[in-house]
Amino acid sequence: MKNAIASMLAAAALLGAASSALASENAAATAAASTASEASYAVRLMTPETALKAASAALASCRSAGFQVAVAVVDRSGLIQAVLRDRFAGAHTPETAINKAWTAASFKMNTTALAQATQSGTASSGIRQIPRVTAVGGGLLIEAAGAPYGAIGVSGAPAGDLDDKCARAGLDAVLDDLNL
């Protein structure tokens, strides 16, 4: 009987040691996960289908207003996801639409607001000298659920505010999809 009790005590001691080791491992894993979460972050990205849906809606909006335009959608880093050019849009419009979208994504602000903030004589006017910066209306940020997804740029309507209106139609077409 003494041997059986001694064996049970020894087994309990081993289980206690194993349990303590497991708790230490769990604590180490939790600490490592905490450190990893502080050293990295997660981002949400648009699918190519979502970018194409936004571009198509913007193009349709401009078309219905009688404007031949190009539309570009870029991701949060400014990389192109979709570009559409209507058949009679000017040769310059695809590149301009891309640059408007890139500018909005890069500066994290709509290009109409950037145009106002960088007018001649302001402290920020030099921003307009950076290659690819297009500080005229038509570039809008795509943000949803508190996260930036990218930007949409439209070029070819008679004025920047009309480019903005078409870009807004593209943005509105995908907001519900992105807010989920």
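This passage describes a strand, a helix and a loop residue in a predicted model.

Strand S1 covers residues 70-75. Six of the six residues of S1 are buried, so the strand is largely enclosed by the rest of the structure. In a regular strand the side chains alternate between the two faces of the sheet. In S1, Ala70, Ala72 and Val74 point one way, while Val71, Val73 and Asp75 point the other way. Residues of both sets are buried, Asp75 included.

S1 pairs with two strands, S2 and S4. The pairing with S2 is antiparallel and extends over five bridges. Within this pairing, Val71 of S1 has Leu84 of S2 as its bridge partner. S1 and S2 form a hairpin with four residues between the strands. Gly78 in this hairpin takes a positive phi near 90 degrees. The pairing of S1 with S4 is also antiparallel and comprises six bridges. Here Val74 is matched with Ala151 of S4 as its bridge partner.

Helix H3 spans residues 93-107 and contains 15 residues. From its first C-alpha to its last the helix reaches 21 Å, close to the 21 Å expected at 1.5 Å a residue. Eleven of the 15 residues are buried, so H3, like S1, is largely enclosed by the rest of the structure. The buried set includes Thr93 and Pro94 at the start of the helix, and a run from Ala97 through Ile98, Asn99, Lys100, Ala101, Trp102, Thr103 and Ala104 to Ala105. The buried residues of H3 pack against strands S1 (70-75), S2 (80-85), S3 (139-144) and S4 (147-155). They also pack against helices H4 (111-117) and H5 (160-179). The partners of H3 thus include S1 and the two strands paired with S1. Just after H3, Lys108 takes a positive phi of about 55 degrees.

Thr118 lies in the loop between H4 and S3. Buried residues are those under 20% relative accessible area. Thr118 has a relative accessibility of 1%, and therefore counts as buried. The side chain of Thr118 makes a polar contact with the side chain of Arg128, at 2.8 Å. When neighbours within four places in sequence are left aside, the residues in contact with Thr118 are Ser124, Ser125, Ile127, Arg128 and Ala135. Arg128 thus appears both in this contact list and as the polar partner of the Thr118 side chain.

Notes: Residues are numbered from 1 along each chain as its sequence is written. This is a predicted model: local features need pLDDT of at least 70, side-chain atom pairs count only at pLDDT 80 or more; totals for chains, interfaces and linings use all residues. Side-chain values use heavy atoms; hydrogens and water are left out. The expected span of a helix is 1.5 Å times one less than its number of residues. Buried means under 20% relative accessible area, exposed over 50%, partly exposed in between (1.4 Å probe, protein chains only). Contact means heavy atoms within 4.5 Å. A polar contact is a pair of N or O atoms within 3.5 Å; within protein, one must be able to donate a hydrogen and the other to accept it, and residues adjacent in sequence count only if both atoms are side-chain atoms. Two strands pair if DSSP finds at least two bridges between them.
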